[in-house]
Amino acid sequence: MSAGLVILAVIAIAIVGFFVGRSRALNSAGGDIRQLHSLPGYYGQAVFLFSAVPALLVTAVWLILQPMMIENRISDMILPTDIAEGSSLELIMADVRRISSGLDTAVVAGALSEPEIETLNLDNTDVRGVLAGVGVAVASDIKPNVLDASVAYRAKTAAARGYMAVVSIAIALVGFAVALSLTKPDYRARNVSEAAIKSLLVLSSFVAILTTIGIIASLIFETSNFFRMYPAKDFFFNLTWNPQFTGGSDLGIIPLLWGTLYVSFVALVFAVPIGLFVAIYLSEYASSKVRSIVKPAVEVLAGIPTIVYGLFALITVGPLLRDYFAQPLGLGQSSSSVLTAGLVMGIMLIPFVSSLSDDVINAVPQSMRDGSYGLGATQSETVKQVILPAALPGIVGAIILAASRAIGETMIVVMGAGAAAKLSLNPLEAMTTITVKIVSQLTGDTEFASPETLVAFALGLSLFVITLGLNVLALYIVRKYREQYE
Amino acid sequence: MYDAPQLGNAMDQTTTKISARNVQVHYGDTHAIKDVNVDIDAKTVTAFIGPSGCGKSTFLRCINRMNDTIDICRVTGDILIDGEDIYDKRVDPVQLRAKVGMVFQKPNPFPKSIYDNVAYGPRIHGLAKNKSELDEIVEKSLRRGAIWDEVKDRLDAPGTGLSGGQQQRLCIARAVATEPEVLLMDEPCSALDPIATAQVEELIDELRSQFSVVIVTHSMQQAARVSQKTAFFHLGNLVEFGDTTQIFTNPQDERTQNYITGRIG
Amino acid sequence: MTDVTPTTSILTVDDRTRRRNVAEKRFRTYGVIAITLAMLALVGLMTSIFSGGLPAFKQTFITLDVYLDPAKLDKDGSSDLEKIRKVSTFGYAPLIKKALEEQLAKPELAVEGLKSKDAAKMISKEGAAEMRRFVLANPDMIGETVSFKFLASGRIDGYYKGRVTMQSAERDKNVSPQQLQFADKLKDAGLLKTSFNWGFLTRADASENRPEAAGLGVAILGSVYMMVIVLFLALPIGVAASIYLEEFAPKNWFTDLVEVNISNLAAVPSIVFGILGLAIFINFAGLPQSAPIVGGLVLTLMTLPTIIIATRASLKAVPPSIRDAALGVGASKMQAVFHHVLPLAAPGILTGTIIGLAQALGETAPLLLIGMVAFVREYPSAPPEGFFDPAAALPVQVYNWTQRADPAFVERASGAIIVLLVFLLLMNTIAIILRRRFERRW
């Protein structure tokens, strides 16, 4: 019985339980629902929950534990001599899983029968050929022990599945019976059902935490693997980035970090003044008509996916800068450059800076403006000397958030900044960033367990730490700022 | 004041500082002020009283063109200060407001130091040649605001850290720092406790010697205590204007009578 | 009024005020410049994308009558489908060449110096494959002459879109001026036409050297699958989490942690979610690469904070009096929330969800890491199995095409962006309509 069938069976029992529970509640009250503590549906729900939840939990735990336990047993069947040079027990176990699922496929396809499998050995059957016939490719030659292990693995898995089906369905039935026996008029069925729903709500709010844990765990786990192959000191302090397929790569983060910061800096140089002035103009000067046109237009800029900006950098801004600035000035030949990526990223960040600044500028109370105008200040004097100083913490928070966005941005730099890791000051030269290298190292052809690939996780961790730090700082500043006016 | 017009004691009592002729104010479709004519004397405290929404604050804000900052507000008619129409095209409201200071309902110190709050006006209008002159102006203004003794040791502390009454006196000090000739006060005590109110009222009485003060107030007792002249507004009309004692003891209009005795309001 | 002349008249503007007013104007001009720059950027961006991408929606086709020669397609005349199937697309190419030769032989179409071998290159390599599909579907048509509407090759197509000119053709080894002359003559003869390119929306991706056949079908399908997954996971989880945090959660360190956590997740770079997807869903859980299920899960995690933040805002906007009213007639807290608060908050939740989905639709970086850049020619099957089949996604397809050498792919990439933007526009319009229609002010 497959896991899916077991789950379906449990749910079927639970659904039957719902109706039986509801009618039993009604009967127990003699058809008069006023005699019941809760509405009849809640009694049904209680039975449903008692039947389904424990059984499904057991099934889930079983599904996770079963392969581990079986593999533990099976791996004893593989002798050290079976492990070829350059291979490992894990790779062999992957083969075992593959072959055993291949045997399943073969049985379904009719290429093998169950009795044949029990007596299967390499002398009487071309296992590889049979498996290839049903579309399962096995890389190397199959060793006798591996085959035996596969057959045993398959048998044990099938047996365990059987036990699981029996146990799960039994638990479902027990739950069904218990819940039904509890179904009496004064039974607080609604409270039971609501408690269950509430725990579902709590579980959902865990997803956010689990995501964070998942991110941190996966980053740290693979990063530690990386540091086992490549010294952390070199990663943080080596000034060259030069990955080699053959090994002996230089994987220093410094040039990437430099590119990241340089591009982000250029982006902020464009985005902060423009975004800030847009926000000031819209909140202090613009007539409602201008506002009603410009504000949505700026929001459109915010809703455009970064891939669009990336393409804009690639096909328009890059060639433009190359033909009209880089080449005439003799500063570079490439259309991807720090300036290209920075300029386009600046455009992307304008709405980000302006809408956040707009919020904080509007949070400055009107009485401040009145006070200043009442003293005979002009609007610009009021903005410069009263509103901006008052809104400064909020604006600083917005700029930090924008910086964090710029540092973590991927598509624009992938398509606009270039791929060469360089420590240069020339903004018309191609440079590369942390995010570009994460993409290129993880989408390349290198083996996963090599430092050249795993370095992406170390880069990802660095990126995560930097952006997290900036976000927390910005949130802290903005929160402090809000308190000031609340 | 740069050089107050010295026209002799006899004249001084009757000098008209502000005169309004046929002033109408519209807020969008609402007719907020209807045909107001009033002459406000120099070096006098004039109180505007009336029920909420009667237009007294709106009229006050016309006198230094604060209504300009509201898009939908339209003012017609003439308001003359020293015989000059403040709604003349040639008038820069920025310059006007230096001459006609304003204190608001809620104390609104800037989130800056006490010193910078007071120095803000003189700085933007360029009233001080150097730092020591500025220091002098700040001290003089804080003394006029009757708050110097309380803050002289902490001029660098933020103005927002003061108590409500202190903040309002700071705002008054800030307003007088630009050497205005007229001081408009929009319910300056409504956010204050009784003790702070008493201090501010005392201050207003002292300010009379140097400025023409116009104060909008909700409290008839306050009007009676601080003002020499009182104007009663009702539904956008100026109903009655005269000496405070006369308004409170012998009102000519029935509506004023009703308001004073608490029948409308 | 007395005749008093004050020392400073307000009717004359003093120097200082004049200077201040100049500064005021300058400052205001900065604002206007900033807005102009932002608007110019928007216009430039849109112009660049639309001028580059609109041609992708048109396509040049060449109509040819091809004789399905039995001698080539069905050598022994057995009409056995198995045997016909053995003839590869290479077997079909000569038929097209022959058909073109016939056209070249016509005096009004003849072009000096154009070999039929080169003329055949004007038809997309996809043409032979299409013909083969047709023959396999209709084996009884062998021996007949059938009219086919072939895709013109990328360069010929580019000629009619202004990308290729006679001058550039002289330097290009993939196209010659003679071919272009022949194309012009075919056009005059009505055999070459430009029409709307449905294939761009329905075809699968095509390989490097046949940009004219590349379409967005698989990518649109993949994106739709992922959006379905995001909708069905992120909406319930997000709403449930928000209800707990807003209505039930006690104020303690744990809920604080969850809150800080959610606002931080909203600001984590998207590529980090890609790393998470690769490490957890593919390497740890063993889900297949390039599959919509993995992309959907990653995007779900990314969208959750958006939905949670929007849902909490709309739950907060429901006044407490509603809850009090329900509790006052004896409803349980859960009933109050599910019967009253949630329905009232629903429009806000839906709007937030659609905006979250729109964000997810345009997200590219994380999908690159979970293998969605792979070249996928097969349509995924119907859900739910299809969720596990390899597929592309709209924004990734754009990236994919920009990485190819032929400039025709740049046009396709811009065209794909237009499709993406149309989807986004649709979603945002729905969100705005929902908000306008159902927004309630308390």
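Here are some numbered notes on this predicted model, chain by chain.

1. Ground rules. The model is predicted, so to speak of local features we need pLDDT of at least 70, side-chain atom pairs count only at pLDDT 80 or more, and totals for chains, interfaces and linings use all residues. Residues are numbered from 1 along each chain as its sequence is written, chains are lettered from A and ligands numbered from 1 in the order in which they are written, and side-chain values use heavy atoms, with hydrogens and water left out.

2. Chain A, the overall split. You can divide chain A into domain 1 (3-187) and domain 2 (241-484); such bounds come from an automatic or database domain assignment. The C-alpha centres of these two domains of chain A are 50 Å apart.

3. Chain A, what the record says. UniProt, in an unreviewed entry, puts "domain: ABC transmembrane type-1" at residues 257-474 of chain A. UniProt positions follow the numbering used here, feature names are shortened, and annotations may be inferred rather than shown by experiment. In the model, residues 257-474 of chain A are 80% helix and 0% strand, with 21 Å between the end C-alpha atoms. Helices (H or I, at least four residues) and strands (E, at least two) are DSSP runs, numbered from the N terminus.

4. Chain A, membrane labels. The unreviewed UniProt entry also marks "transmembrane region" on chain A at several stretches, including 162-180 and 200-221. Residues 162-180 of chain A come out as 100% helix and 0% strand, and their end C-alpha atoms lie 27 Å apart. Residues 200-221 of chain A are likewise 100% helix and 0% strand, with the end C-alpha atoms 30 Å apart.

5. Where A meets C. Have a look at helix α7 (residues 189-229) of chain A and helix α12 (residues 253-265) of chain C: their axes come within 9 Å and cross at roughly 60°. Axes are lines fitted to C-alpha atoms, for helices over the stretch in contact, and angles run from 0 to 180 degrees between N-to-C directions. The crossing of α7(A) and α12(C) is left-handed, meaning that the near helix is turned anticlockwise from the far one by less than a right angle (clockwise would be right-handed).

6. Who touches whom there. Among the residues in this contact (heavy atoms within 4.5 Å) are F206(A), I209(A) and I215(A) from α7(A), and F254(C), L257(C) and I262(C) from α12(C). By class, the contact of α7(A) with α12(C) has nine nonpolar, four polar and no charged residues. Here Ala, Val, Leu, Ile, Met, Phe, Trp, Tyr, Cys and Pro count as nonpolar, Asp, Glu, Lys and Arg as charged, and the others, Gly among them, as polar.

7. The sheet in chain B. Chain B has an open, antiparallel sheet of four strands in the order β2-β1-β4-β5. The edges are β2 (30-41) and β5 (84-85) of chain B, each with a single partner strand, so one side of each has no neighbour in the sheet. Two strands pair if DSSP finds at least two bridges between them; β1 (residues 16-27) of chain B and β2(B) pair antiparallel over eight bridges. Within that pair, T16(B) stands opposite D41(B). Helix α2 (residues 56-63) of chain B lies across β1, β2 and β4 (73-81) of chain B, at about 120° to β1(B).

8. The sheet in chain C. This one is open too, with three antiparallel strands in the order β2-β1-β3 (chain C). Its edge strands are β2 (145-151) and β3 (192-196) of chain C, each pairing on one side only, and the twist averages 35° from one strand to the next. Strand β1 (residues 58-67) of chain C has seven bridges to β2(C) and five to β3(C). F61(C) is a handy residue to find: L151(C) in β2(C) stands opposite F61(C), and K193(C) is the bridge partner of F61(C) in β3(C). Helix α4 (residues 89-105) of chain C lies across β1 and β2 of chain C, at about 90° to β1(C).

9. Chain C as a whole. Chain C is divided into domain 1 (57-212) and domain 2 (217-438), with 43 Å between their C-alpha centres. Their contact takes 19 residues from domain 1 of chain C and 21 residues from domain 2 of chain C.
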